[in-house]
Amino acid sequence: MCREGGDEHVSRNGSEMAAGGWRNRYAGSWLIAAELVRRGGREVFWDDHPQGVAYDNLHVQLVDPSEAEVSMNRGGALHLWPDHPGWMQWDEAFEIESGQLADRMLAGLGLALPSRELSLRAVTYSAIASILTALSTDGAWDARPWEQRSETDERGFEHASRHLMQMGRAGVTVRSWKVVRVPRSGSSFGRPVVVLTDDGRLFLPDGRTSVDLRNLPMGPSADREAVVGLQHDTAGSRPDVAEPAAPVREFSTLAQEAMRYYVYLLRDSRDGTVFYVGKGIGNRAFDHARDALGGDAAPSDKLDRIRSILASDGHVQVEVVRHGIESEKHAFVVEASVIDALRAVGHPLTNKVLGHDVALRGWANAEVVNSIYDAAPLGETKESLVLLKIPRLWTPAMPSGELYEATRGWWVMSGTTAGRARTALAVSKGVVRAAYEVAYWRERVEGDRDYIPLGKPRLGFFGKAIDRPDIVNKSVKHLKGQNPVMYLNCGPEQQQAVPVYRGEIARKAAASEA
């Protein structure tokens with residue numbers, strides 16, 4: 001049996017558990033935690049038992065509605081709560097492969113949770129098991145909560161602290177764990193050799209280097225030294241961790257501080273297409289791939305694209321468009337400009353929001369932009385026109401269909417006068433934004449927007465947009481009038497130009513428009 005204090009950390013026969021690939025109960029508990037989280041575990045937490053180190057527990061809380069829990073006691077027992085305390089000893093567990101053991105635990109709790117793709121939490125816990133296995137030839141090592149409460153814990157891991165602070169500001173709760181040597185009874189834990197966070201990050205004690213755990217092949221293999229690259233001295237004071245062969249997907253701490261705000265692109269390595277534009281600080285540009293693998297983020301086209309890239313052995317290429325931006329306000333402007341430029345040349349972006357202030361200040365042709373600031377006045381005309389001041393704020397980004405609907409109806413107006421105008425104009429803030437050829441005017445009927453039974457009769461038109469550069473983007477502010485409907489050259493001397501439908505004819509016309 002395993003002795004209290006953690007000095008004896010191998011199974012009774014002294015051999016490694018070949019099937020599971022872990023050499024001691026500490027590594028084994030983390031491998032089981034990773035497997036259970038992959039099956040749907042919600043939370044992993046630590047319980048300091050009052051009897052001391054050997055009886056501390058690593059807990060995995062499973063899914064609702066059972067509130068089931070697996071506790072792995074450092075004294076040598078596995079517990080299933082709430083129904084099966086003292087369920088199995090570690091000596092027995094050492095004979096069972098970790099996936100099969102997880103199946104038995106879930107069956108004992110009456111749960112059937114299918115395997116899922118590895119989440120970032122599961123990757124982190126698997127990495128902890130790998131590191132503990134690599135260190136197990138040099139006494140007992142374990143992973144404990146990293147609470148940053150002492151100078152010993154903090155020294156060398158300032159970059160981990162900054163990462164947790166950034167995640168906290170983003171509203172993301174991340175747990176952190178330190179790998180430490182298990183002390184003999186009465187001794188205290190020493191300095192951590194590495195710190196890991198359950199969003200898939202490993203931090204080395206040099207204050208600057210961190211590793212994206214997704215770049216390391218994790219699995220139940222026994223040869224974990226080759227996987228993690230850990231080399232340590234026999235005194236166990238601290239290991240030196242080699243750089244992984246795979247590229248590190250992050251900016252260094254120094255680069256993050258110097259870059260300030262930046263704007264970046266995500267490019268699909270398979271076809272070179274840019275599919276997302278963003279702005280951020282720190283390692284924001286690399287968070288999207290972690291979100292896609294984590295499984296906890298809300299569904300989105302962006303994350304679906306990333307998963308498709310990774311599933312086909314591609315990679316998400318991060319490119320920085322502009323860095324060293326002084327403020328978030330300026331970063332928003334650059335981001336929106338890049339989005340507009342890429343959309344203008346046909347890149348199918350997955351951004352849900354197409355830039356900050358894009359509606360008012362986004363992409364538009366030169367004539368439209370000039371008209372926003374200094375529209376030329378509408379010239380003299382003998383054409384019969386009806387000017388309709390739309391209630392919705394026009395922007396260059398306003399879809400043509402929305403502009404038509406806002407303009408066509410429904411207005412309190414004279415049918416006789418309206419029928420003399422074949423052209424209707426959409427006016428916003430004193431500038432014409434669209435011109436329409438009117439086929440007919442009709443009463444508002446049931447089924448139309450904002451229809452009110454027995455309400456005041458209102459009219460609208462049915463027609464199509466027409467190209468009128470002599471009218472559109474021209475100012476009509478010099479035409480005095482406060483009413484939302486204005487007429488030009490629609491006096492009694494003008495003949496009726498288009499029909500005006502009421503009653504049953506209006507209802508039939510409305511039905512034909514649908």
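Q: Leaving aside its neighbours within four places in sequence, which residues is S384 in contact with?

A: This is a predicted model. In it, S384 is in contact with R420, A421, R422, T423, L488, N489, C490 and Q494, leaving aside neighbours within four places in sequence. One of these partners has a further link: the side chain of S384 reaches the backbone oxygen of N489 at 2.6 Å.

Q: Where does S384 lie, and is S384 buried or exposed?

A: Look at the loop between α13 (366-374) and β16 (385-389); S384 lies there. The relative accessible area of S384 is 13%. Buried means under 20%, so S384 counts as buried.

Q: How do I read an aromatic pair, such as F251 and Y262?

A: Take the distance between ring centres, then the angle between planes. Planes over 60 degrees apart count as edge-to-face. The structure holds 13 aromatic pairs. For F251 and Y262, the centres are 5.6 Å apart and the planes meet at 80°, an edge-to-face pair. F251 lies in the loop between β12 (239-241) and α8 (253-259), and Y262 in strand β13 (residues 261-268), so the pair ties together parts 11 residues apart in sequence. Both F251 and Y262 are buried.

Q: What kind of pair do W441 and F461 form?

A: Their ring centres are 5.5 Å apart and their planes stand at 70°, so this pair is edge-to-face. W441 is in strand β18 (residues 431-443) and F461 is in strand β19 (residues 459-465), so the pair links distant parts of the chain, 20 residues apart. W441 is buried, at 0% relative accessibility. F461 is buried too, also at 0%.

Q: Which residues form one aromatic cluster with F251?

A: Y262, Y264, Y276 and F286 join F251 in that cluster. Y276 also has a charged partner: K302 lies over its face, 4.9 Å from the ring centre. Elsewhere, the charged end of R433 sits over the ring of W394, at 3.9 Å from its centre.

Q: Which residues of helix α10 are buried?

A: First, the general idea. An α-helix has 3.6 residues a turn, so residues three or four places apart point the same way. Now the case. In α10 (residues 301-311), K302, L303, R305, I306 and I309 are buried. They cover an arc of only 155° around the axis, which puts them on the same side of α10. D301 and A311, on the other side, are exposed. Just after α10, D313 takes a positive phi of about 65°.

Q: How far apart are the closest N and O atoms in the salt bridge of R307 with D304?

A: They are 3.2 Å apart. R307 and D304 are 3 residues apart in α10, so about one helical turn separates them. Both are partly exposed: R307 has 29% relative accessibility, and D304 has 43%.

Q: Where do K279 and E328 lie in the chain?

A: K279 is in strand β14 (residues 274-280), and E328 is in helix α11 (residues 328-344). Their salt bridge brings N and O as close as 2.5 Å. It links distant parts of the chain, 49 residues apart. K279 is buried at 18%, whereas E328 is partly exposed at 33%.

Q: How many salt bridges are found in the whole structure?

A: The search finds 19. Some residues are linked in a network of salt bridges: E405, R408, R442, D448 and E513.

Definitions and conventions: Residues are numbered from 1 along each chain as its sequence is written. Side-chain values use heavy atoms; hydrogens and water are left out. Rings of Phe, Tyr and Trp (its six-membered ring) pair if their centres lie within 6.5 Å; planes under 30 degrees apart count as stacked, over 60 as edge-to-face and the rest as tilted. Helices (H or I, at least four residues) and strands (E, at least two) are DSSP runs, numbered from the N terminus. Buried means under 20% relative accessible area, exposed over 50%, partly exposed in between (1.4 Å probe, protein chains only). A charge sits over a ring if NZ of Lys or CZ of Arg is within 6 Å of the ring centre and within 35 degrees of the ring normal. The arc is that of the directions from the helix axis to the C-beta atoms. A polar contact is a pair of N or O atoms within 3.5 Å; within protein, one must be able to donate a hydrogen and the other to accept it, and residues adjacent in sequence count only if both atoms are side-chain atoms. Contact means heavy atoms within 4.5 Å. A salt bridge is a side-chain nitrogen of Lys or Arg within 4 Å of a carboxyl oxygen of Asp or Glu.
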